[in-house]
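Open the structure in your viewer and get your selection tool ready. We will go from stop to stop together.

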Amino acid sequence: MTEVLLVAMLASPVIGAGLLALPLSARASRRLNAVLAVAVAAASGAVAVVELTQIGEPLRGSWYAIDPAGAVFLLVIAAVGLMSALASPAYLTGDASGFFAGRRARSAYYAALYLFWAALLALAAVDNLAVAWLLVEATTAASALLVAFSGRAQALEAGWKYLVLTTLGLAVALLGIIVLYAGIAEDGASIAALDWARVHAAAAGIDHTTAVAAVVLLLGGLAAKVGWAPVHNWLPDAHSEAPPPVSALLSAALLPTVMLIAWRVEAALRPATGGAGSGLLLGFGLLSLAVAIPFLWRALPLKRLLAYSSLEHMGILALGIGFVHPIATAGVVLHVAGHALAKSLGFYATISLLRADPRLARRAPRGLVATSRGAAGALTVSLGSLSGLPPSPLFFSEVLILLGGLAAGETAVVVVAAVMLGLGFLGLAHALIEGVVTDAPSRRRPAVPGERRLKLLTAVVAGGLLGLSATVWALPGSRLIADLMGVLG
Amino acid sequence: MSPEVLWALVALGFAVVAVRRRTLGIALLAGQSLLLGALAIAHAEGAPGELALAVVILLARGVVLPGLLLWVVRGTREPRRVASERFVLHRLVVAVGAVAVAAALVPALPLDDPGAEHVVIALLVQGIVIAAVRRAVVFQAVGFLVAENGVYLAGLTVAGGVPGALELALLFDLLAVLAVAAAFGSRIHERFGSSDTGLLRGLRD
């Protein structure tokens, strides 16, 4: 039964990509998209719930293994994918493509979106490092086309930069995989030597230098895809130039899911590396915060501000997994989920705003509350949560991560991170006040379309965020965290 | 592996850093890929399955991928020399320096042929440098393929070889990424009238 669900989860977006690539009318593709999006999300959610509610071993088959970490990420990818697919028609009615020929643009968009979604879902479920690498590369091919979808000069620049930097980073990671394979595989071994369980089992016997070389190459290469500083240059550009539903998928689903692969690598090789991997993650974390925070203080266009916020949050997550402590791990789980909801809402709000005033793509907003209460509400929830304002789940997750760091004995790192998080909070709070509340210039602005839907989405996401905040009391010490530490601790 | 072949692989990489014409750069890449393919065929002697795989990979890396890049060049004629690419000596100094630093810093890798380890790193670094210092879209794609050639050489030097399924999957991945890069090359040329990525400077904070 589980295997059937799993096949449905992976096959439905691929079939959906094929169907939506057909030359359908706008109305037909909108309806088909809605049906397919719900089906994919339902199948993915069902697989995740089966894993999270059963006690004991992960769901395991010949080609997949879904452990608690995979299940949590499947839920996040399903939720963000569903929202992005449902938000896409609103974007497509307002922005024509210049990358694809006019008549094919909509079908090309949907085909790439669903293939991107399929690769992300498979990434959370796959049981093998080499296959995971291939899927990460597949996300690049599909999402680079989506980043450049508008065909504008800046979008081409962002898409090209994303393609070149991430593929070069992944080439470095691939060398890490080959070094690891050379270190653990016997003569004539198959690709199964790179199954996560086998890598875990073989780790204790790997030569220390080989393990360190492999973990440095793998984490360094994957960092380019996660967007950790100093190899983050593509991130602000791609997130700000992509269609907003794609920006949401990139920021809320892709980055954390690739981070999950980095987390698995670090955890699997930890017995042989003597903490070199976690040290590297702490370095990426602090550097990402240091690079991101000055930009949170600047008057940037909304999507660019959200992009730099992604860099900040990937830095926080790197710290959380680098501390290697159950309390920090609880914080990471909460942070991934809370960041996904809050960041997606922020990007979806920009769809309506940019349709009403395209100049907001290039300048910071002011006084949105006078223009659109719906967009102002959505951005208040989004930016307020992302800044870590209580009762946002990101406030609690950041506290958990810092407490985990203290418990792990990383006091100096925690102090530096706490100062930077405080500055980041002030920067985003300032952007929120300037963008939403401060009086706008007195000239008349055009009406913002899709207000009602945005208000409804804001209410749903706000409810979800509060629900996540409520779990903070139960999460540390829970079976989920114990299971996660069993796999990744 | 003979030192002469390994030096030839490195020399071809440096030549890609230096040459002006895109077609020449592609030809040098094809030469490097064919040389690696010949090494793979020599390794696979006596194993029919591995031999067939090596031939497929040689054709794909040495003929199909360079052919795809040549097709992009045909569709994106440059009206004049790419302005930001005039300083050959600077490029070579950066490339030689980066390769020397990487060779000195990277520890010994557990590959079967210690002599090839430095060449693996050299090709990987050359690829990254080519993508960083060359401005034409095609050269940046060539840089990615030079880096991939370094990784392929690493696979050839692993005792017992890398699983065939993995090699085929990597090949498919290379084709997919190159196809996307080709699409970008065409669109960038349409938009700017040149495939000089030095013109892509609209996104600055």
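Is A:Phe149 buried or exposed? Select A:Phe149: with a relative accessible area of 1%, this residue is buried (under 20% relative accessible area; exposed is over 50%, partly exposed in between, with a 1.4 Å probe and protein chains only).

Before moving on, note that this is a predicted model, where local features need pLDDT of at least 70, side-chain atom pairs count only at pLDDT 80 or more, and totals for chains, interfaces and linings use all residues. Residues are numbered from 1 along each chain as its sequence is written, chains are lettered from A and ligands numbered from 1 in the order in which they are written, and side-chain values use heavy atoms, leaving out hydrogens and water.

Next, add A:Tyr109, which is buried at 0% relative accessibility. The ring centres of A:Tyr109 and A:Phe149 are 5.2 Å apart and the planes are at 65°, so this pair is edge-to-face (rings of Phe, Tyr and Trp, the latter by its six-membered ring, pair if their centres lie within 6.5 Å; planes under 30 degrees apart are stacked, over 60 edge-to-face, the rest tilted).

Now widen the selection to the cluster that ring pairs build from A:Tyr91, A:Phe99, A:Phe100, A:Tyr109, A:Tyr110, A:Phe149, A:Trp160 and B:Phe184. Stay on A:Phe99 and add B:Arg187: its charged end sits over the ring of A:Phe99, 5.5 Å from the centre (NZ of Lys or CZ of Arg within 6 Å of the ring centre and within 35 degrees of the ring normal).

For the last stop, pick B:Arg134, which lies over the face of B:Phe139, 3.7 Å from the ring centre.
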